[in-house]
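Here is a short tour of a few features worth a look. Please have the model open as you read along.

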Amino acid sequence: MINLGSYLAISFALFVCGILVMIARKNIIAMLLGIELILNASALNFAAYTKFTNNNLDGHIVSLFIIVIAAAEAAVGLGIVIRFFQLRESIHIDDAATLQN
Amino acid sequence: MNSTVVTYLSQSNEFSAVVKWLTTHLGFDATSLVTFVIFAVASLIVVGALATIGGLGTYAERKISADLQMRQGPNRVGPYGILQFLADGVKMILKEDIIPANADKFTFILAPFLCMVGVFATLAVVPFSSGFMLADLNVGIFYLVGMASLVGVGVFLGGYASNSKWSMLGGMRGASQIISYEIPGTITIVSIVLLAGGLSLKTLISGQGGLPQEWYLFHNPFAFIGFFVYFISALAETNRAPFDLPEAESELVSGYHTEYSGMRFGLFALAEYIEVFVVCGVAVALFLGGYKVPFDLGTGQILVDKLGMDGMIAKNIGQVLELGSFFTKTFALYYVVIWVRWTLPRLRVDQLMTLCWKYLTPIALFNLLGCAVWMYAFDGKSIYSIIFNSAAAVAGNH
Amino acid sequence: MDYTLSTVAPIVLIPFFAFVLNAFIVKKFTKLAVAISTGAIFVSFLFALRIFMDFMNVYSVGYYIHKTFTWFDLSAGSHVFKVNMGIYIDNMTAVMLLMVTGAATLIHVFSTWYMHDDPRFGRFFVYLSLFTSAMLGLVLSDNLLSVFIFWELMGFCSYSLIGFYYEKEGAGNASMKAFMTTRVGDVFFLLGILALWSVVGNVTFVDIYKAIGAGAFNNLYALGIPLATFAGVSVFLGTMGKSAQVPLQVWLPDAMWGPTPCSALIHAATMVAAGVYLSLRMYPLMELGHMLPFIAVIGGITAFGAATIALVQTDIKAVLAYSTISQLGYMVIGIGVGSYNASFMHLITHAVFKACLFLSAGSVIHSIHCQEMPQMGGLRKKLPYTFFAMLLCCFAIAGVPFFSGFVSKDRILGDALVLALTNANHIYKLVALLGFGGAFLTAFYMFRMLFLTFFGEPRDHHIYDHAHDEHLGWNSNVPLLILSLFTLGLFYSGSFTGQGEVNLFGSKNEWFSTLIHKPDATSLHHFSEYKAEEFGSVDTRDKVQLTPAVYDENHGMSEHVAHEIHQIHHIGAILSIIIAFCGIFLAYSMYIKKSVNPGWWTSTFANWTKALKNKYYFDDLYVGKIIQKGLLPFNDLLSRFDMGFFDKYAIDGWASVNRWAFTISKWFDNTIIDSGMVDGTGASVRMMNVVLRTVQSGKIQMYFIVIVVVLAGYVWTLSF
Amino acid sequence: MFTNTLFLLSALVTLGGAVAVVYSQNLMHACIYLLASLFGVAGLYACIGADFLAATQLVVYAGGVVILMLFAIMLTGGTGNNINRYGLEKVAAMGNKKTYFFAGITAVIFSLVILKILANVLKAQPASVLAANEPTVERLGTILATDHILAFEISSILLLGALIGAAVISRPRKERHD
C-alpha cells in the first residue's frame with residue numbers, strides 16, 4: 001500500500017487542490033492557503049522520491065528548505081496582506097490589480 | 001512501533017508465556033496482538049493517571065494557595081478535601097452545555113478538543129521512567145514542541161469562536177504569547193540537545209546522572225541560565241501566572257473560555273493543568289536528570305549483584321525508583337509553578353513581549369552559542385568534572 | 001626573534017586601529033577611548049622594546065630586517081614600473097622605535113592628566129594615536145615614498161593639534177602657518193624623491209645606497225647642477241621645513257599654540273626630529289652631492305640664531321620652542337660635519353630631555369594657568385617633582401657632564417672643531433664658532449628659564465598662592481620622573497654588552513657609536529649584499545654568522561691622525577664644559593645673585609633686543625615682503641589674465657561657437673529626432689500597447705492560470 | 001499493519017482536509033482544514049520514515065504558519081468583504097461559480113498532463129523492496145552541515161530577511177501631511 005504511486009497520487013491531489021484554491025478564491029489569505037497546499041505537495045513529492053529511489057536523504061533536505069521557504073513566504077506574505085489591508089481596507093485580490101495608488 | 005513499555009515488558013518470562021499460549025490457541029502469531037494490547041493498556045494508564053494528576057492539580061492549586069494565604073482551602077469532600085476535584089468534575093459534567101447563538105459552532109466545539117489533543121499527544125514521549133515511556137521517538141523533544149503548539153491554535157480558536165470581545169482578546173493574547181515564548185523555549189531546548197547530542201528524550205536523559213552535579217542544570221553556566229529561561233518560557237506557554245494574560249480575570253472576565261461552560265470549560269482547564277505537568281516533566285528531563293536515580297539503582301543491577309535478587313524483580317524495583325525520582329522532581333517544579341502564581345503579580349502585555357523578545361530570546365541565543373563554545377572548548381565535560389579532574393590531577397601530583 | 005608580519009606590523013597598526021576605533025567611539029566613551037589610545041601605544045612600546053632587545057642581543061652593525069610587498073604594479077612589457085612598500089629595520093630604526101614609542105607612552109600618560117578638564121579630551125587622544133602611528137610608520141618605512149606619505153600624515157596631525165583650540169584665532173592662524181611653511185619643504189622633498197626615482201628606479205633606502213655605491217649618479221645633471229646635489233638639496237629642504245631650519249623655522253614657535261603635551265610629542269620630541277632622521281638616512285646622498293658644508297652652515301645659523309632669540313623670550317614655551325630649533329640646528333650641524341652617530345644620538349637625547357622639559361612646562365602652566373616667566377618665581381616649593389625633573393633636563397641641555405646632552409652635543413661640537421682646525425674649507429670655522437656660541441647661549445637661557453620659574457621670590461603672589469599643586473597626580477609626575485631619569489648620560493654612553501667599562505664621559509665603547517655607523521662612501525658596498533624578503537616571510541637570516549660590532553678606537557684612520565683627532569676632541573670637550581658652566585654662572589649672577597643687571601644689556605643693545613624680540617623680522621619679511629609684495633601682485637596678475645584673456649576670448653568665444661552649433665542641432669532635433677523617431681516610436685508602441693495591455697490586467701489569478709496552462713503545455717511537449 | 005493504518009488515516013486526513021479547503025465557504029474553517037491537511041502530511045512523512053521532516057512539519061505549520069494565518073484573518077476583518085470601499089459589488093471573497101469554473105478548467109488541463117506523466121513514471125517504476133525506516137536525524141544533520149551547507153546558510157539569510165521584511169512591511173506607518 002505504501003509505495004511511490006500512492007504518494008505521487010496524494011501529492012498530485014494536494015497540488016490540484018492548491019491550484020483550485022489559488023484560482024477560485026478571491027480572498028488573498030485564502031489564496032495563501034492554496035500556496036501552502038502546493039508547497040506541501042511538492043515537499044511530499046521530494047520526500048517520497050528519496051524514500052522510494054535511493055534513500056540518500058537529499059530529498060529530505062529539499063523538503064526541509066521548502067518548509068523553510070513556506071514559513072518565510074507566509075510571514076512576508078501575511079505582512080504584505082496586513083499592510084495592504086491598512087491601505088485599502090480590503091483583502092480582495094481584485095483590489096490589488098494596480099501597480100500604484 | 002517503537003514503544004519502550006512493550007520493549008521493557010517483553011524482557012519478562014510472562015510475556016513470552018502469554019504470547020506462546022495465545023499463539024497456540026488462536027492459531028496465528030500473537031506477538032503483535034499482545035504488543036498492541038499492552039500498548040493500549042499503557043496508554044490508558046497514562047491518560048487516566050494524567051487526567052487524575054490534572055484534576056489533582058486543581059486541588060493542589062487551591063490547597064497551596066490557601067496555604068500561602070493562610071486559609072484552609074477545600075476540606076469538606078473526603079479527607080483533607082482531596083476528593084474535591086471529583087466533585088468539581090461531576091459538577092462540570094452535569095452542567096448545561098451552552099453554545100452561544102452567534103458562535104461559530106464548528107470552531108467552538110473543536111477548540112477545547114484541539115487543546116486536549118495537543119496536550120495528550122505530548123504524553124506519548126514524556127519519559128516517566130526508562131521502562132515506562134509510551135514511545136521513544138528519535139525526534140521526541142521536537143515532536144513534543146510541535147504537538148504542544150496545537151494548544152495555541154485551540155486557545156486562539158476558542159477565543160475566536162465565542163464571538164465575544166473578551167474571548168477574542170484573550171484568544172489573540174494567548175496565541176501571540178504562546179508563539180512568542182516558543183522561541184526562547186525551543187532555543188534553550190536546542191542548547192540542551194547540543195549537550196546531549198540527540199533529540200530523543202532517552203538520549204537527553206542518558207547524558208545526565210542521578211546526582212545533582214551530573215545534571216545538565218549544573219553542566220555549565222549557560223545551561224544553568226538556560227533552565228530559568230526555559231522555565232519562564234514554559235510558564236508563559238502554559239498561560240500560567242504571572243503570564244496569565246489570556247484569562248486575565250480582572251480585564252477579560254475569563255479570557256478565551258469566557259463563553260464556555262460545563263465540560264468544555266473543564267477540558268480547557270484540564271488541558272492547562274496537564275500541560276503544566278508536561279512542561280515540568282520536560283524541564284526535569286532536560287535539566288534535572290529526568291528519571292535518573294543515583295548509584296545505578298535504576299537498572300537494578302546493583303540489587304542483583306549485592307542482594308542476589310532475581311533480575312526482573314530488581315529491574316521492576318529500579319523502575320519504581322525511577323518513577324519516584326521523576327515524579328518527585330516534577331511535582332517539586334509543579335509546586336514552584338503554583339507558588340509563583342500566587343506570589344507574583346500579572347505582567348502587562350507590552351512587558352510580556354519585552355521580556356520575551358528583548359531579554360529571553362537574546363539570552364537564549366547567547367546560551368546556545370555559549371553551550372556550543374563550551375562543548376568545543378571543554379570537550380563536553382561538565383564544570384564539575386573539570387574541577388574534580390583538575391583537583392584530582394593536582395592532588396595526584398603531590 | 002623571528003620577524004614576521006605579526007611581530008613588526010603591530011607597532012604601527014595598533015595605534016592606527018586605536019585611532020580608527022576611537023574616532024568612532026570617542027564622543028560617547030571618552031574614558032574608554034583614552035584608555036584604548038594609551039594602552040595601544042604602550043603595547044606598541046612593548047613590541048618596540050622587544051625589537052630593541054633583539055638588536056642589542058645580536059649587537060652587530062650589519063643586522064637588518066627588510067621586508068617588502070608590492071603595493072601596485074603598472075609594469076607593461078619590458079617597462080617595469082613597480083612600487084614596493086615595506087619595512088626596514090636596522091640598529092638606528094630600533095633605537096628610534098624605542099624612543100618614539102617610549103616618549104609617546106609617557107606623553108599619553110601625562111596627557112590623561114593635562115587634558116583631563118578639556119572638553120575635547122578624547123579627540124586629543126584620537127589625534128595623538130594617529131600621529132604616533134604615522135611617526136612609527138615613517139620610522140619603519142623602507143623607502144622615501146612611504147616616508148613621504150607618513151610625513152604628510154604627521155603634517156596633518158601637527159596641523160590639527162596646533163589648531164586644537166580652534167576657538168582662538170591665533171591657534172587657527174598658527175596651524176595654517178605651520179602647514180603652509182612645511183609645505184614649501186615638502187614640495188622640494190617630493191621633487192627630490194622624483195629625482196631619485198628617475199635615477200634609481202625606486203626609492204628604497206638600500207637601493208639608493210646601492211646606486212650611490214655603484215656610481216649611478218656620476219655625470220648626471222639636472223638644471224645644470226649635478227643630480228646628486230639637486231636631489232640632496234631637495235631632500236634637505238624637506239628636512240629644513242620639517243625640522244624648522246632657517247629660513248623655514250618660523251612655524252615652530254607659533255606651533256606652541258597647541259596643547260603642551262602635543263608640543264612635547266610633536267614639536268619637540270618626534271616629528272621635528274623626523275626631518276633630521278630623513279637627512280641622516282640620506283647621508284650618502286648629501287655626501288655625494290658635496291653639500292655637507294651647506295648643511296653645516298644652515299645648522300650653525302639655526303643653532304645660534306634661535307638661541308639668541310630664546311634669550312629675550314618671556315613665555316616659557318617660547319623659550320623651549322626656540323631651544324628646540326636651536327637643538328635641531330645642532331643635529332643638522334652634526335650631519336654637516338659628518339658626525340653621524342652623534343647627530344643621531346643628539347636626536348634621541350634631545351627627544352628625551354625636551355619632552356621632559358615640555359611636560360614640566362606643561363605641569364607648571366597647568367598648575368598656575370600662566371605662561372609668562374616674569375610672573376612666576378619660587379615655584380620649586382610648590383612643584384618639587386617638576387622642579388627636580390626640569391633641573392635635570394636643564395643640566396642635560398646645557399651640556400653639563402654626566403648628562404645626556406653633554407654626551408651627544410660634545411661629540412658634535414668636537415667633530416665641528418676637528419673640521420674647523422683641520423679642514424681646508426674655512427666655512428667650518430664659522431660653524432664651530434656658531435656651535436660653541438650657541439652652546440653658551442643655551443646654557444644661559446635654559447638656566448634663565450629655570451631660575452625665573454623656580455627660584456627667587458614669587459613675583460606674582462596671586463598666581464603663586466593659587467598654584468594648585470594638589471592636582472598633580474601620579475600621571476603627571478611619573479612620566480616626568482621617568483623621562484628625567486633618562487637624561488643621565490650613562491644610558492647613552494655606556495656599553496651594554498660588556499665590552500670594556502662603562503665610560504661616563506662617553507667617548508669610548510659606547511653602544512651608540514659602536515652600533516650606528518655612518519653609511520659613508522667607504523662603507524656603502526655593504527649594502528650590495530642586503531636583500532629584501534617577502535613581507536609575510538619569517539626572517540631566516542643566520543644571526544650567528546654576523547660579526548659582533550666592535551668599537552674601533554681609531555675610527556678606521558691611521559693611529560697618528562686618530563690621536564690628533566682625539567686630542568682635538570678632548571679640547572672640545574673641555575671647552576664645552578667651560579662654556580656650559582660660564583653660561584650657567586652668567587644666568588646665576590643675573591637672576592639669582594642679581595649682580596649683573598639684565599636691564600643694562602637690553603638697554604645698551606636696544607636695537608638688537610628689538611630684533612630678537614621680533615624674531616629677526618622673519619615673519620614681517622614673509623608676510624610683508626614675500627607674500628604682500630611678491631605673491632599678491634602675482635596673484636593679481638593671474639586673475640587679470642583670467643578675467644581679461646581667458647574668460648573673454650576662450651570661454652566666451654567657445655560659447656558663441658556653441659550657440660551657432662546649437663541652432664543647427666535644434667532644427668535636427670525637432671524635425672528628425674523628435675517628430676520622426678521619438679514620436680514615431682511612441683505611436684508604434686501605443687499601437688502595440690492597445691493589443692498588449694489586455695494581457696496585463698493586474699489580476700494575479702489570470703496570470704496564475706496562464707502560468708499553469710503554459711507549464712502544462714511545456715511539460716506535455718517535454719514528455720514526448 | 002500499524003504503518004498501513006497510519007498511512008491510510010494520514011492520507012484520508014490530508015486529502016479530506018485539502019478538499020475541504022477547496023469547498024469550505026468560511027475562511028476560518030478553511031484554515032482549520034488546512035491545519036488538518038498539514039497534519040496529515042506530517043503523518044505521511046512519518047510513514048516513510050522521515051521523522052525529522054514530520055516533526056518539522058508539526059512545529060512549523062501548527063505552531064507558526066497556521067496561527068499566523070489565523071491572526072491575519074482576524075486582523076483583516078474576518079471573511080466578509082464583498083463590497084469594496086467604493087461600494088462596488090464584487091466577486092464573493094470565497095469565490096463563486098464562475099471562478100470555480102475557471103479553476104476547474106485549469107485544474108483539468110493540468111491534471112491531464114500530470115496524469116500522463118504519472119502514468120509513465122509508475123509504469124517505469126520497478127517494484128523495489130523498501131529499505132527499513134532508520135532514524136534520519138543524525139544523517140540529515142551531517143548532510144545539512146556538509147554537502148548542503150551553502151543552501152543552509154542561504155536559507156538562514158532568507159529567514160532573517162523574511163523576519164525583518166515582514167516586520168518592516170507590516171509596521172503601521174503614519175501618513176505624512178506635508
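The notes below cover a helix pair, a chain contact and a small sheet.

This is a predicted model, in which local features need pLDDT of at least 70, side-chain atom pairs count only at pLDDT 80 or more, and totals for chains, interfaces and linings use all residues. Residues are numbered from 1 along each chain as its sequence is written, while chains are lettered from A and ligands numbered from 1 in the order in which they are written.

Let us begin in chain B, where helices α10 (residues 221-237) and α15 (residues 349-378) pack at an angle of about 145 degrees with their axes 9 Å apart. Helices (H or I, at least four residues) and strands (E, at least two) are DSSP runs, numbered from the N terminus. Axes are lines fitted to C-alpha atoms, for helices over the stretch in contact, and angles run from 0 to 180 degrees between N-to-C directions. Among the residues making this contact (C-beta atoms, placed from the backbone, within 7 Å) are B:Phe222 of α10(B) and B:Trp374 of α15(B).

Next, chain D gives 74 residues and chain A 59 residues to their contact. On the chain D side, α4(D) supplies the largest share, 12 residues.

Residue classes can be set out together; Ala, Val, Leu, Ile, Met, Phe, Trp, Tyr, Cys and Pro count as nonpolar, Asp, Glu, Lys and Arg as charged, and the others, Gly among them, as polar.

| Contact | Nonpolar | Polar | Charged |
|---|---|---|---|
| α10(B) with α15(B) | 10 residues | four residues | no residues |
| Side of chain D that touches chain A | 50 residues | 21 residues | three residues |

Finally, chain C holds an open three-stranded sheet with mixed pairing, in the order β2-β1-β5. Strands pair if DSSP finds at least two bridges between them. β2 (82-89) and β5 (533-534) of chain C are the edges, each with a single partner strand, so one side of each lacks a neighbour in the sheet. Strand β1 (residues 65-73) of chain C pairs with β5(C) in the parallel sense over two bridges, and C:Thr68 stands opposite C:Glu534 in β5(C).

Definitions and conventions:
Contact = placed C-beta atoms within 7 Å.
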